[in-house]
Amino acid sequence: MRLGLDIGGTKIEAVVIDSAGEIVYRERCATPRQSYGDFFQAVTEMIAQAMQTVNQPLSIGIGVPGAVDSEGLIKNSNILVLNQQAFAQDLERALGMPVPVTNDANCFTLSEAMDGSGQGHSVVFGVILGTGCGGGLCIDNRLIAGPNACAGEWGHNALPRYHESRDGAEAKCYCGQVNCIESFISGSGLERQYMSYTTQQAGVPQIMQRVESGDADACLLWERYCDQLARALASVVNMLDPDVIVLGGGVSNIARLYSGLQARVAQYVFGKQCRTPIVQARHGDSSGVRGAAWLGAQQSQRKSMRVQ
C-alpha cells in the first residue's frame with residue numbers, strides 16, 4: 001500500500017493506493033499556516049490516521065508547494081511557515097522511516113508517467129497551468145530533480161520571443177524576474193492579461209464564456225494566449241524533445257486549448273515540425289497526491305533492493 005500526501009496552501013489531502021493504482025483511502029484537512037509546529041502536527045496526525053485505518057504497512061511520499069534545496073530545506077513555498085524547514089528530516093525522526101518530499105508539480109508528472117497520460121513513454125514533461133505554472137520531468141518513470149532542485153521549472157524562464165506589440169507590457173514576476181512564462185500562461189496570467197487588455201476583471205471561466213460567445217476582445221486575447229503557450233512549449237521541445245507533454249491544472253480542462261496546439265508549437269520548433277503529443281492529464285486534480293504515493297513507493301522499493 002502506498003500513502004501519498006498532497007500539501008496545498010488551503011488543504012492537505014491524503015490517499016492510499018493499492019498495487020493496481022486504485023484509491024482505497026482518502027482524507028482531507030485544512031492546512032494550518034499559523035506555525036510550523038501546528039503544520040507538522042497536522043501532517044503527522046494525517047499519516048497516523050491513514051496507518052491506523054488501512055492497518056497495513058505503508059510507504060509514504062509527500063508533495064509540497066515549493067522545492068527542497070540541496071541541504072534538505074524547503075524553499076519558495078506559499079506556505080510561509082514551511083520555508084527554511086528541514087521537513088523531510090523532521091518526518092524521518094518522527095516516523096522512524098525516510099519520507100521523500102518533492103515539489104507538487106514533480107508529483108503530478110510522476111503520476112502521469114506511471115499510470116496516466118504519459119504511461120509507456122520514456123521522457124515525460126508535465127505542465128501545470130493553474131494559479132502558477134509548474135513543471136516536472138520524468139525519464140523512465142524516475143523524477144529528475146537536478147542539483148538546484150529546479151528541473152522542469154520552465155515557468156520561470158522568460159517568455160520566448162516576447163515583444164510588447166503582441167504580448168502587452170512587461171510583467172514583473174513574484175520571483176523578481178521580468179516576463180516569466182508564468183506571468184503569461186498560468187491561469188492568473190491569462191486573467192492579468194485580460195484585465196490589462198480590456199480593463200475588466202474576470203476569472204478564467206468568465207473569459208472562456210466570452211470567447212465561446214464570440215466576444216471580439218476575449219477572442220483576440222485567447223489567440224494571444226495560445227500563441228504564448230505554443231512559444232513556451234516549443235522551447236521545451238527544442239531543449240528536451242520529450243516523448244509526450246502532459247497538461248494539468250485548471251486551464252488544461254479547456255477543450256478549446258488543444259485544437260491546433262501541436263501545429264502552433266511546430267511554428268516555433270527548430271525544423272518547423274512537432275510530433276510531440278500534447279495531452280490532458282488522465283488523473284486530473286488527483287495526479288499530485290497519486291504521484292506523492294508513487295514517490296514513496298519508489299523510494300521504499302529502492303531501499304528494499306539495497307538491503308537485498
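## Helix α8 and the two-domain contact

Let's start with a helix. Helix α8 covers residues 216-240, and at 1.5 Å a residue its 25 residues should span 36 Å; the end C-alpha atoms sit 36 Å apart, so the expected and actual spans agree. Keep in mind that this is a predicted model.

Both ends of α8 have something to look at. At the N-terminal end, Asp215 acts as the cap, with a side-chain oxygen 3.3 Å from the backbone nitrogen of Asp217. At the other end, Asp241 comes just after α8 and takes a positive phi of about 50°.

Now zoom out to the whole chain. It splits into domain 1, made of 2-103 plus 285-307, and domain 2, which runs over 117-281. Taken over C-alpha atoms, the centres of domain 1 and domain 2 are 28 Å apart. Where they meet, domain 1 brings 10 residues to the contact and domain 2 brings 7 residues.

How much area do domain 1 and domain 2 bury between them? About 560 Å², with 42% of it on carbon and sulfur atoms. On the domain 1 side, the residues that lose the most area to domain 2 are Asn103, Gln298 and Arg302, which together make up 43% of what that side buries.

As for specific pairings, the count of salt bridges between domain 1 and domain 2 is 0. Polar contacts do turn up: the rule finds 2 residue pairs across this interface, both at pLDDT 80 or more.

Here are the elements that each give two or more residues to the side of domain 1 that touches domain 2:

| Element | Residues |
|---|---|
| β5 | 67-68 |
| β7 | 101-103 |
| α10 | 287-307 |

Which element gives the most to that side of domain 1? That's α10, with 3 residues. Sorted by class, the side of domain 1 that touches domain 2 has 3 nonpolar, 4 polar and 3 charged residues.

Note on methods
Residues are numbered from 1 along each chain as its sequence is written. This is a predicted model: local features need pLDDT of at least 70, side-chain atom pairs count only at pLDDT 80 or more; totals for chains, interfaces and linings use all residues. Side-chain values use heavy atoms; hydrogens and water are left out. Domain bounds come from an automatic or database domain assignment. Contact means heavy atoms within 4.5 Å. Buried area is the accessible area (1.4 Å probe) that two parts lose on being put together, summed over both. A salt bridge is a side-chain nitrogen of Lys or Arg within 4 Å of a carboxyl oxygen of Asp or Glu. A polar contact is a pair of N or O atoms within 3.5 Å; within protein, one must be able to donate a hydrogen and the other to accept it, and residues adjacent in sequence count only if both atoms are side-chain atoms. Helices (H or I, at least four residues) and strands (E, at least two) are DSSP runs, numbered from the N terminus. Ala, Val, Leu, Ile, Met, Phe, Trp, Tyr, Cys and Pro count as nonpolar, Asp, Glu, Lys and Arg as charged, and the others, Gly among them, as polar. The expected span of a helix is 1.5 Å times one less than its number of residues.
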